[in-house]
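I am opening a notebook page to record what I looked up, one topic at a time. The structure goes in first, and my entries come after it.

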Protein chains: 2
Amino acid sequence: MSKTAPTDELFLHFEKYIPLSNTLKKELADRIVFKSFKKGEIIHDANTICTKSYFIQNGLMRTYFIKDGKEITEYFSAENEWVNSPRSFMQQQLDIYYIDTLEPTDCFCLNVKDLVFLFDNFPEMERYARLSMGTVFGHYMDRITSMRFTTAKEKYNHFCETYSAIYHRVPLGMVSSYLGIAQETLSRIRAEK
Amino acid sequence: MSKTAPTDELFLHFEKYIPLSNTLKKELADRIVFKSFKKGEIIHDANTICTKSYFIQNGLMRTYFIKDGKEITEYFSAENEWVNSPRSFMQQQLDIYYIDTLEPTDCFCLNVKDLVFLFDNFPEMERYARLSMGTVFGHYMDRITSMRFTTAKEKYNHFCETYSAIYHRVPLGMVSSYLGIAQETLSRIRAEK
DNA sequence: GTGATTTTTTGACCCAGGTCAAAAATCAGG
DNA sequence: CCTGATTTTTGACCTGGGTCAAAAAATCAC
């Protein structure tokens, strides 16, 4: 029997940042919809405004954009993470990012309208968003530092550490564009050990 | 006569994200302290936990860290921006960043305890923090893209555009470490026009 | 103003990693 | 289990920008 309602994982994720009242749990459960995707489905298209956010229960997604006709990975998202096109979802405007699945993926889907309702009626949801965004923000700071001052090999090693759960599940070309190095370079780096 | 209370600029900054009630304005005014720094003062030291956030009225600050004995600029902050050591301030833990002034700087200072009070009593402050963080987050996404796929010259041009108000007020060495390129390279780029 | 210190520029040299091309390996659909 | 498509590897070559060193210019302190 497959799960079709918010699971412990999702509630636990919230509770890393805020306590969840039963009222809020119920409101969340009423609004969050289980959704299953096959491998290779496009979850969000850059030509539309992003209205949904997905919390991954299991599987793997990629956020990417097109540059000179090539797909450039912005980041990968796996179990227990929210995925959306950040600026598009938060500001309800167009942005450059596409999102697709790299594996069959089960997730919980929250509509922006429902999220706004929750923000308006549960101040702790605002706090949750603020705090969880702080966590992601910190990762971005680290990534910028890593981009500036490391060799290609160090970038790859760092990637393997921070993405230890998924680095072997992702095609090499997607990793190289994520790291901002040539695919051939990454192939050579991987060969030499 | 110098200003010693929150000015319109600061309230206007808040009002870009949330409406300010008179009650909240008063609470803010009671907690925000005017502070003036000379050029070259260290505003925050990496060996301490960051407990203060500064809203710059005029002047210029630099957030940096030490790598192999050299100062690496994380970013510059100018008029109408909040400055603190983000992770240290938000999570009340140690982080690697120092902050100093590159010019005489006037700012408004808000203590983390007072901010927590405001968060606890004014849900709209949580919303403000969430939304304004979203703006900064977007800039970080752009910066990562810029780090990955641009030449040194493009990085510098992009810097001049996004930091148009301040790029000529900052020593070259601090810019080069911000961009992650050698100072000599930046000097040559600047020479060729 | 003047000497000391810091910052910027210039020159010479070199290598990490990019590009282009083609072979090898892997994958996916019938 | 074949076959065409995609992905990865390997080779040859080249260049952007790094490093080191020293001169020139700007800034500071007294």
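The entries below go through the ground rules, the symmetry, the DNA surface, the strands and the salt bridges.

**Entry 1: ground rules.** I am working with a predicted model, in which local features need pLDDT of at least 70 and side-chain atom pairs count only at pLDDT 80 or more, while totals for chains, interfaces and linings use all residues. Residues are numbered from 1 along each chain as its sequence is written, chains are lettered from A and ligands numbered from 1 in the order in which they are written, and side-chain values use heavy atoms, with hydrogens and water left out.

**Entry 2: how the two protein chains are related.** I reminded myself that two copies of a chain are related by a rotation about an axis and a shift along it. Here I found that a turn of 180 degrees with a shift of 0.0 Å along the axis lays chain A on chain B with an RMSD of 0.0 Å, where the copies are superposed by least squares on the C-alpha atoms of residues with pLDDT of at least 70 in both. This is the relation of a two-fold axis. I then looked for the C-alpha of chain A nearest the axis, and it belongs to A:Arg130, at 2.3 Å.

**Entry 3: the surface near DNA strand D.** Which residues are the closest to DNA strand D? Of the 18 residues that surround the strand, the closest are A:Leu172, A:Ser187, B:Ala152, B:Ala182 and B:Thr185; a residue counts as near if one of its heavy atoms lies within 4 Å of the strand. Sugar and phosphate make up 51% of the atoms of DNA strand D that come within 4 Å of the protein.

I also looked up individual polar contacts (pairs of N or O atoms within 3.5 Å; within protein, one must be able to donate a hydrogen and the other to accept it, and residues adjacent in sequence count only if both atoms are side-chain atoms). A backbone N or O atom of A:Leu172 lies 2.8 Å from a phosphate oxygen of the strand, and a polar backbone atom of B:Ala182 is 2.9 Å from a phosphate oxygen. For B:Arg188, an N or O atom in the side chain is 3.3 Å from a base oxygen of DNA strand D.

The elements that give two or more residues to this surface are α7 (172-179) and α8 (183-191) of chain A and α8 (183-191) of chain B, and α8(A) gives the most, with six residues. Helices (H or I, at least four residues) and strands (E, at least two) are DSSP runs, numbered from the N terminus.

**Entry 4: strands of chain B.** I found an open sheet of four strands in the order β1-β8-β3-β6 (chain B), with antiparallel pairing; two strands pair if DSSP finds at least two bridges between them. At the edges stand β1 (33-37) and β6 (82-83), each with a single partner strand, so one side of each has no neighbour in the sheet. Within the sheet, β3 (residues 52-58) and β8 (residues 105-111) of chain B pair over six bridges, and B:Ile56 stands opposite B:Cys107.

Elsewhere in chain B, β4(B) and β5(B) form a hairpin with two residues between them, and B:Asp68 in the turn has a positive phi of about 50 degrees.

**Entry 5: salt bridges.** I counted 27 salt bridges over all chains, taking a side-chain nitrogen of Lys or Arg within 4 Å of a carboxyl oxygen of Asp or Glu. A:Asp114 and A:Arg31 meet in one of them, at 3.3 Å from N to O. A:Asp114 lies in helix α4 of chain A and A:Arg31 in helix α2 of chain A, so the pair ties together parts that are 83 residues apart in sequence.

Is A:Arg31 buried or exposed? A:Arg31 is buried, with a relative accessible area of 19%, whereas A:Asp114 is partly exposed at 23%; buried means under 20% relative accessible area, exposed over 50%, and partly exposed in between (1.4 Å probe, protein chains only).

B:Glu126 and A:Arg130 meet at 2.5 Å, N to O. Each lies in helix α5 of its own chain, so the pair joins two chains. B:Glu126 is buried at 2% relative accessibility, and A:Arg130 is buried at 13%.
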